[in-house]
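Let's take a walk through this model together, one part at a time. Please keep the sequence and the 3D view open as you read.

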Amino acid sequence: MSTPTKSNVSTSSSSNSKYEKYDNRYLPEDFVAGSTDVVCARGKSYWDHPGNKLYRSLIAAATERYAATTNKLEKTMIVSEIVQAIHRRKGMFVKKEKKGGPWVEVDEVFAREKIGQSLRDGLHDKYRSATKAKKQRKEKVNEKFNGDIDRVIHGNATVSRRIEELTEEVKSNGALASDYSIVTLFSRANSDILETIKQDSSMLHQFQDASVAAKVQPSST
């Protein structure tokens, strides 16, 4: 890593309005980002840079603590710890002032804003991952529940036969039948099936077991 000295570092010009509120410092023309430097850049161009990997690990380690506190002072201290962790390793927060332009070391205000945003992004990603995982667990449980119910229903010969009869009736008459007659057909079949289920206590117990399993499983995975 090429470390700037007082002789070759100057305060960046304020003519570029994008950087007026920051006290960025120009780095030597031959500057190359070192392994502990954090390169502030959009996209994935420096994703695999060692300093950026270090930075992401520090963010990941601090995200839960950052999320757990509502105290602004403590959040500020967490940001400070990350800044100090980079500096202890002789690293800097650097960026190119513009595409193809000179390298600058960004001031602490810029670095802290970047860290704060990264921590908030980390919380969003974590929430999104948790939501996705929860959705996947729910889908898996629903799939198992539907499979269990299907097995219970088709395990009863009377119910299974009535469903097959209904299917055949719909196939035979569906194209010509009115909406009313189709609804009547389904209502009559449903009544027959429900009456059979009521009379078969073993089916009721199996339905209850499937429902209990569906409620218990999400919290145990």
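A word we will need throughout is "buried": a residue is called buried when its relative accessible area is under 20%. With that in hand, look at helix 2, where Ile78, Val79, Ser80, Ile82, Val83, Ala85 and Ile86 are buried. Please bear in mind that this is a predicted model.

Let's step back for the overall plan. The protein has six helices and four strands, and from the N terminus on they run β-β-α-α-β-β-α-α-α-α. Of its 221 residues, 32% are buried. Among contacts between residues at least 6 apart in sequence, 60% join residues at least 24 apart.

Now to the sheet. Strands of a sheet pair through backbone hydrogen bonds, either parallel or antiparallel. Here four strands form an open sheet with mixed pairing, in the order 1-4-3-2. Its edges are strand 1 (25-26) and strand 2 (38-39), each of which pairs on one side only. Strand 2 runs parallel to strand 3 (residues 93-96), and two bridges join them. You can find both by eye: Val38 has Phe93 as its bridge partner in strand 3, while Val39 is partnered by Val94. On to strand 4 (residues 103-105), which pairs with strand 3 in the antiparallel sense over three bridges. Val94 appears here too, with Glu105 as its bridge partner in strand 4. The hairpin of strands 3 and 4 has six residues between the strands, and there Gly100 takes a positive phi near 75°.

Next, helix 1. Does its length fit its residue count, or what span should we expect at 1.5 Å a residue? The 19 residues should span 27 Å, and the end C-alpha atoms are 28 Å apart, so the two values agree. Along the way, helix 1 has a kink of about 40°, centred on Ala62. Ala62 is also one of the buried residues of this helix, along with Gly51, Asn52, Leu54, Tyr55, Leu58, Ile59, Thr63 and Tyr66.

Asn52 deserves a pause. Is this residue of helix 1 buried or exposed? Its relative accessible area is 11%, and because the cut-off for buried is under 20%, Asn52 counts as buried. Leaving aside neighbours within four places in sequence, Asn52 is in contact with Asp37, Val38, Val39, Tyr46 and Trp47. Its C-alpha atom is also separated by 9.7 Å from that of Phe93, a residue 41 places away along the chain.

Follow the chain onward into the loop between helix 1 and helix 2, where you will find Thr69. Thr69 has a relative accessible area of 10%, so this residue is buried as well. The side chain of Thr69 reaches the backbone nitrogen of Asn71 at 3.0 Å. Not counting residues up to four places away in sequence, Thr69 touches Glu74, Lys75 and Ile78. Ile78, you may recall, is among the buried residues of helix 2.

That brings us back to helix 2 itself (residues 72-88). At its start, a side-chain oxygen of Asn71 comes to within 2.8 Å of the backbone nitrogen of Leu73. The helix has 17 residues and reaches 24 Å from its first C-alpha to its last, close to the 24 Å expected at 1.5 Å a residue. An α-helix has 3.6 residues a turn, so residues three or four places apart point the same way. Keep that in mind as you look again at the buried positions, including Ile78, Ile82 and Ile86. After the helix comes Lys90, with a positive phi near 65°.

Finally, let's see what comes together inside. Which residues of the largest nonpolar core touch the most other members? Of its 20 residues, they are Tyr55, Ile82, Phe93, Ile115 and Leu119. Helix 1 (50-68), helix 2 and helix 3 (108-155) are the elements that give two or more residues to this core. Another core, of seven residues, lies apart from it and includes Leu27, Val39, Met92 and Val94. Back in the largest core, Tyr55 is a good residue to centre your view on. Setting aside neighbours within four places in sequence, Tyr55 is in contact with Val38, Ile82, Phe93, Lys114, Ile115 and Ser118.

Conventions:
Residues are numbered from 1 along each chain as its sequence is written. This is a predicted model: local features need pLDDT of at least 70, side-chain atom pairs count only at pLDDT 80 or more; totals for chains, interfaces and linings use all residues. Side-chain values use heavy atoms; hydrogens and water are left out. The expected span of a helix is 1.5 Å times one less than its number of residues. Buried means under 20% relative accessible area, exposed over 50%, partly exposed in between (1.4 Å probe, protein chains only). A polar contact is a pair of N or O atoms within 3.5 Å; within protein, one must be able to donate a hydrogen and the other to accept it, and residues adjacent in sequence count only if both atoms are side-chain atoms. A nonpolar core is a set of buried Ala, Val, Leu, Ile, Met, Phe, Trp, Tyr and Cys residues joined through side-chain atoms within 4.5 Å. Contact means heavy atoms within 4.5 Å. Two strands pair if DSSP finds at least two bridges between them. The bend at a residue is the angle between axes fitted to the seven residues ending there and the seven starting there.
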